[in-house]
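Me: Could you take a close look at a single part of this one and tell me how it sits in the rest? I'd like the cut-offs too, since I'll probably want to recompute a few of the numbers.

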Amino acid sequence: MAGFYERRVSAAAIWCQRLAVIAVPFFILTILLHRSSGITTPQAMWLIAFGIGLLLGSLVFGLKAASDLWEKGYKGGRATVNGFVLSILLLIPFGIQLSKALENPQLQDVSTDVFNLPIFLEPAQNANEGGEPMDAYDEYSAQLIVSNYPELVTRRYSAPQERVVGAVTELLKRWNWRIRASENLPEDEAGKEPDQEAAKAAEGEAKLAGSEQEVKELTEQNAPENLPDVIVQAEAKSFLMKLPSYIVVRVSSESDTTLVDMRSASYWGRHDFGSNASNISEFLAALDQSLAGVAGE
């Protein structure tokens, strides 16, 4: 009587596919919980690290299953391929982030002006981020920013400060970067009652001056050379994980030109993967386009 040989199913193949499939809802649930503030950013990072471990484990089981199929003739080829391919696809985004980490310096705070930093008007809104803005860069951080991001420089526009501020606030609204605080914005002064004493003093000076030419000369003499800096602090969030970045735009008047400096910081990790530099460079490029024809250096 003839016997039949029944091929065994590779347990490694089963676990290769099982871990890869489990990782899909695991990542989705982690992202949804973080977006809804159900978990903190550090907790989300630990969960993502665990998910990456699942995928790496799936690849290890896949290699073991391939060995079993080749050497022992076990069944489970389809499960091995499914698990291996799914794990590779899920690891691609993390591979991209790894390449960004290798290409960019380990920073979490960058600015166009490394010597006179635009100062945050308010601290980080999320206490779970685990970091606070610094008042000044150390020499090493400043050198890292200048050497790795030479495109991050102060913008100079041959336009009035009011026009540049309007372009900045319009871009912030268009990009859905929420304004958290501001200083010396023209809108802050809207709706205020005029200073009666100042108006009377100006009227008295006009009467004493006599002619319109004398009034004009007196006004020019008393006018300040530069307007106060306009500072706008905004918050931007990443597309998928909604990780916050805190941004400051400083608009300064200098003679007949207007200077714009930016600073972007994130406190959800020691490495921003170049995201803060991208925030600044992309925003300033859009601002250059918005103020086309008046951009200086």
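Reply: Burial first: of the protein's 297 residues, 38% count as buried, where buried is under 20% relative accessible area, exposed is over 50% and partly exposed is in between, using a 1.4 Å probe and protein chains only. Bear in mind that this is a predicted model, with pLDDT of at least 70 required for local features and 80 or more for side-chain atom pairs, while totals for chains, interfaces and linings use all residues. Numbering runs from 1 along each chain as its sequence is written, and side-chain values use heavy atoms, with hydrogens and water left out.

The protein has nine helices and six strands; these are DSSP runs numbered from the N terminus, H or I of at least four residues for a helix and E of at least two for a strand. A contact here is heavy atoms within 4.5 Å. Take the contacts between residues at least 6 apart in sequence: 75% of them join residues at least 24 apart.

The part I'd pick is helix α9. It covers residues 275–290, 16 in number, and from first C-alpha to last it reaches 22 Å, close to the 22 Å expected at 1.5 Å a residue (the expected span being 1.5 Å times one less than the number of residues). Its buried residues are Asn276, Ala277, Asn279, Ile280, Phe283, Leu284, Ala286 and Leu287. What do the buried residues of α9 pack against? One partner is a helix, α5 (161–174); the others are the strands β1 (109–111), β2 (155–157), β5 (244–254) and β6 (257–265).

Asn279 is a nice one to click on. It sits in helix α9 and counts as buried because its relative accessible area is 15%. Ignoring neighbours within four places in sequence, Asn279 touches Trp177, Ser245, Ile247, Met262 and Ser264.

Two of those names come back in the largest nonpolar core. A nonpolar core, to be explicit, is a set of buried Ala, Val, Leu, Ile, Met, Phe, Trp, Tyr and Cys residues joined through side-chain atoms within 4.5 Å. This one has 36 residues, and those with the most contacts inside it are Val164, Val168, Trp177, Val251, Val260, Met262 and Leu287. Helix α9 gives two or more residues to this core, as do α4 (139–148), α5, β4 (230–237), β5 and β6. In soluble globular proteins, nonpolar side chains tend to be buried together.

For a look from the other side, go to Val168. Leaving out neighbours within four places in sequence, Val168 contacts Val249, Val251, Phe283 and Leu287. Phe283 and Leu287 are among the buried residues of α9. Apart from the largest core there's another, with 12 residues, including Ala23, Phe27, Leu91 and Met241.

Now for what comes before and after α9. Tyr267 is in the loop between β6 and α9, and it is buried because its relative accessible area is 4%. Its C-alpha is 6.6 Å from that of Gln108, although the two are 159 residues apart along the chain. On the other end, Leu291 belongs to the segment after α9 and counts as buried because its relative accessibility is 2%. Beyond its neighbours within four places in sequence, Leu291 contacts Tyr157, Arg163, Val164 and Ala167. Leu291 and Tyr157 are 134 residues apart in sequence, with 8.0 Å between their C-alpha atoms. Val164, another of the Leu291 contacts, is one of the residues with the most contacts inside the largest core.

The loop joining the partner strands β5 and β6 deserves a glance too. Ser255 is in that loop and is exposed, because its relative accessible area is 61%. Its phi is near 55 degrees, which is positive in a residue other than glycine. Asn184 is another non-glycine residue with a positive phi, near 65 degrees. Asn184 is in the loop between β3 (178–183) and α6 (186–189) and counts as partly exposed because its relative accessible area is 35%.
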